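Okay, hi everyone, thanks for making the time. I'd like to walk you through a structure you probably haven't seen before, so let's get it up on the screen.

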Amino acid sequence: MVSFSLPPINDNPDGGWGPSTSNPPDQFKFKDIPYAPYSKSDKLGRFADWNDLSTDGRQNAAGAPVSTNVRAGGPGGRRADRNQAFGSGTASAFAYFHVEDESSFSLVDNKTAAPRRGGPFTRGSRGTARGGTAYSARGGVRGGRGGPVGRGGQAQRGGRRGWRDWEKNNRTRESSVVISPQWSMLEEIEFHRLAKLRLEIDEPEELESYGRLFAYDKSYDRVTTKTERPLQLVDRIKYNTTTSDDPVIQELASKNVAKVYTTDVILSVLMCAPRSVYPWDIVIVREGNNLFFDKRDGGPFDTVTVNENAADPPQDPTPPNPNNPNEKSAVPEVPSINSATSLSLEATYINQNFGFQSVIESSPPPAVDFANPNPFYGPEEIEPLASCGYRYRLFDLGITEDEDIKICVRTEVDAYSPGGGNPRDGQGLVTIRALNEFDPRAQGAGGAPDWRSKLDSQRGAVVATEMKNNSCKLAKWTVQSVLAGADLMKIGYISRANARDNTRHIILSTASMRPTEFAAQLNVSLANGWGIVRTVTDLCMKMPEGKYVLVKDPNKPVIRLYSVPLATFTGDDEDGEGQEDTFEEDE
């Protein structure tokens with residue numbers, strides 16, 4: 001009887017796969033036999049490929065047609081698949097190719113199948129009704145649910161899709177302020193954490209009121225697309241002074257009325273931060289136990305955004321690469337009137353002039369003077385003031401009765417409604433804003449319908465589209481109106497007289513709504529906004545005295561708190577001309 005003896009097993013002392021190259025066993029000499037190293041993740045197709053005559057000649061030896069980019073190592077071939085973790089520099093004989101299957105394939109019939117019932121334009125045609133390529137009733141040129149351009153077709157997966165669609169989500173924005181290496185990041189908060197905060201507060205206390213208000217012209221509520229009015233250029237002065245430069249706030253801070261001081265424009269950005277897409281920054285100064293929330297002159301607070309929340313918002317042209325000499329020598333293009341920056345300036349111009357135009361400056365009804373005159377209007381000014389009233393209001397952010405955390409906010413109202421009560425007592429106050437239409441077919445329009453044809457007949461569709469594309473802007477306007485205690489908010493619908501001309505505009509309609517009800521429609525939570533303000537306040541109160549900057553990341557839903565030197569942002573506007581905006585335009 002023949003006995004079977006197990007041969008000795010020689011482990012690899014090098015710790016790798018395959019026979020040892022440094023210490024081969026005596027009975028097996030593999031020194032001169034080539035061995036292709038591989039890793040565990042390699043896909044082994046064959047034990048041996050006798051057709052592998054050369055590195056690049058696999059398909060030719062198997063009878064496959066010669067192609068440059070199919071599989072022979074071109075840009076679309078499989079050479080990249082052979083670059084594994086081990087043996088990337090050697091030709092792998094273990095890769096498997098479907099050469100026999102593909103070389104034996106040939107097209108037999110390219111005729112279209114005849115419809116079973118009815119013609120190609122009938123509704124009941126099974127081959128063309130829902131998923132066909134013909135001009136059918138329900139699945140037309142663009143295909144039905146299962147057609148080639150339908151829900152699972154080439155246009156959705158692997159097809160060409162729209163022009164440069166792959167690039168739309170990859171466009172990066174620049175930060176609103178240059179982050180200096182001298183700044184140190186103290187805190188980083190994601191938006192999903194901010195959305196969970198809540199703080200209920202009581203009714204505010206009014207401290208003082210300044211300015212003069214004109215009556216709102218109710219004839220603008222009756223404007224329709226058939227009785228449109230031109231938007232006029234009105235030269236008026238309206239101040240947009242930051243918190244630290246406000247003489248009234250400085251006086252209140254000297255009396256220790258509150259611990260936090262800010263304006264409604266700055267506070268609304270912070271309260272609506274989870275909705276924001278574009279970058280912004282808030283300068284926070286701590287002096288003793290007081291906090292001042294400021295804005296930079298010429299920063300994002302001085303302009304109005306357009307379609308910020310659209311799926312494809314307006315874009316600015318990509319700046320030339322300074323390291324590329326070809327781009328540097330190219331002639332710079334004239335900025336488009338539909339770019340993000342141009343539309344922002346246009347929207348700011350429209351908002352200011354619509355507010356100036358829609359009030360009655362000559363009696364009756366008479367203008368209403370608040371308890372104090374405008375604190376920013378000096379005796380050397382000669383141009384007339386715009387209708388604007390400043391209300392300094394005190395909000396209590398304390399959670400318990402022992403906490404003394406109050407915030408003083410300078411709020412603004414634009415007019416008063418005749419017959420709505422006494423404006424000096426906070427009755428009948430109105431804020432005026434404007435939405436603008438530029439070109440429904442331009443990039444960044446966000447699928448907005450044509451206002452001239454849809455505003456009167458389908459106003460709900462227009463409002464819904466604007467609430468989707470300008471969610472952050474409308475939320476900020478609503479919060480500002482609530483902070484100011486306004487009873488009404490007027491929103492004008494203003495469009496270009498010609499889609500290719502951004503200097504002439506017409507007023508198509510005006511909507512009137514109550515801020516608290518509109519906040520509910522927009523799903524704006526004031527309790528969440530106050531929770532964000534209280535959180536940022538607590539963060540800054542833990543820090544020592546100094547200057548800080550709260551920056552919204554330009555491309556991520558994140559805000560970051562930086563500690564900056566005290567001299568930051570002090571030498572930009574020494575003459576102080578950036579504190580006022582006259583909004584003049586050359587014609």
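**A strand, its sheet and some rings**

Let's start in the middle of things: strand 6, residues 260-263, runs parallel to strand 8, and 2 bridges join them. Across that pairing, Tyr261 stands opposite Phe292 in strand 8. Before I go on, please keep in mind that this is a predicted model.

Now, what about strand 7? Strand 7 (residues 281-287) is joined to strand 8 (residues 290-294) by 5 bridges, and here the two run antiparallel. One of the contacts to look for is Ile284, whose bridge partner in strand 8 is Phe293. Strands 7 and 8 make a hairpin with 2 residues between them, and Gly288 in the turn has a positive phi of about 65°. If you're new to sheets, strands pair through backbone hydrogen bonds, either parallel or antiparallel.

So, is strand 8 covered or not? Mostly covered: 5 of its 5 residues are buried. As a reminder, side chains in a regular strand alternate between the two faces of the sheet. In strand 8, Asn290, Phe292 and Asp294 point one way, Leu291 and Phe293 point the other way, and all are buried.

Let's zoom out to the sheet. It's an open sheet of 10 strands with mixed pairing, and the order is 1-18-17-7-8-6-12-11-2-10. Which strands stand at the edges? Strand 1 and strand 10 (368-369) do, each with a single partner strand, so one side of each has no neighbour in the sheet. There's also a helix to look at here: helix 11 (residues 471-484) lies across strand 11 and strand 12 (406-413), running at about 80° to strand 11.

A few numbers for the whole chain. You'll find 13 helices and 19 strands in it. Of its 587 residues, 42% count as buried. Take the contacts between residues at least 6 apart in sequence, and 70% of them join residues at least 24 apart. The chain exposes about 33,400 Å², with carbon and sulfur atoms supplying 50% of that.

Okay, on to the aromatics. How many aromatic pairs does a search of the whole structure find? The search finds 9. One that I'd like to show you is Trp183 with Phe569: their ring centres are 6.1 Å apart and the planes sit at 80°, so this pair is edge-to-face. That pair links distant parts of the chain, 386 residues apart, with Trp183 in the loop between helix 3 (165-168) and strand 1 (184-190), and Phe569 in the loop between strand 18 (558-564) and strand 19 (580-581). Trp183 is buried, at a relative accessible area of 10%, while Phe569 is partly exposed, at 26%.

Here's another pair: Phe395 and Trp530 are tilted, 5.0 Å centre to centre with 35° between the planes. This one also links distant parts of the chain, from Phe395 in strand 11 (residues 388-396) to Trp530 in helix 13 (residues 526-541), 135 residues apart. Both Phe395 and Trp530 are buried.

Back to Phe569 for a moment. Together with Trp183 and Tyr562, Phe569 forms one aromatic cluster. And what sits over the ring of Phe569? That would be the charged end of Arg296, 5.7 Å from the ring centre. Elsewhere on my list, Arg229 lies over the face of Tyr220, at 4.5 Å from the ring centre.

That's my tour, thanks for listening!

Conventions. Residues are numbered from 1 along each chain as its sequence is written. Side-chain values use heavy atoms; hydrogens and water are left out. Rings of Phe, Tyr and Trp (its six-membered ring) pair if their centres lie within 6.5 Å; planes under 30 degrees apart count as stacked, over 60 as edge-to-face and the rest as tilted. Helices (H or I, at least four residues) and strands (E, at least two) are DSSP runs, numbered from the N terminus. Buried means under 20% relative accessible area, exposed over 50%, partly exposed in between (1.4 Å probe, protein chains only). A charge sits over a ring if NZ of Lys or CZ of Arg is within 6 Å of the ring centre and within 35 degrees of the ring normal. Contact means heavy atoms within 4.5 Å. Accessible areas come from the Shrake-Rupley method with a 1.4 Å probe; for residues, only the protein chains shown count as cover. Two strands pair if DSSP finds at least two bridges between them. Axes are lines fitted to C-alpha atoms, for helices over the stretch in contact, and angles run from 0 to 180 degrees between N-to-C directions.
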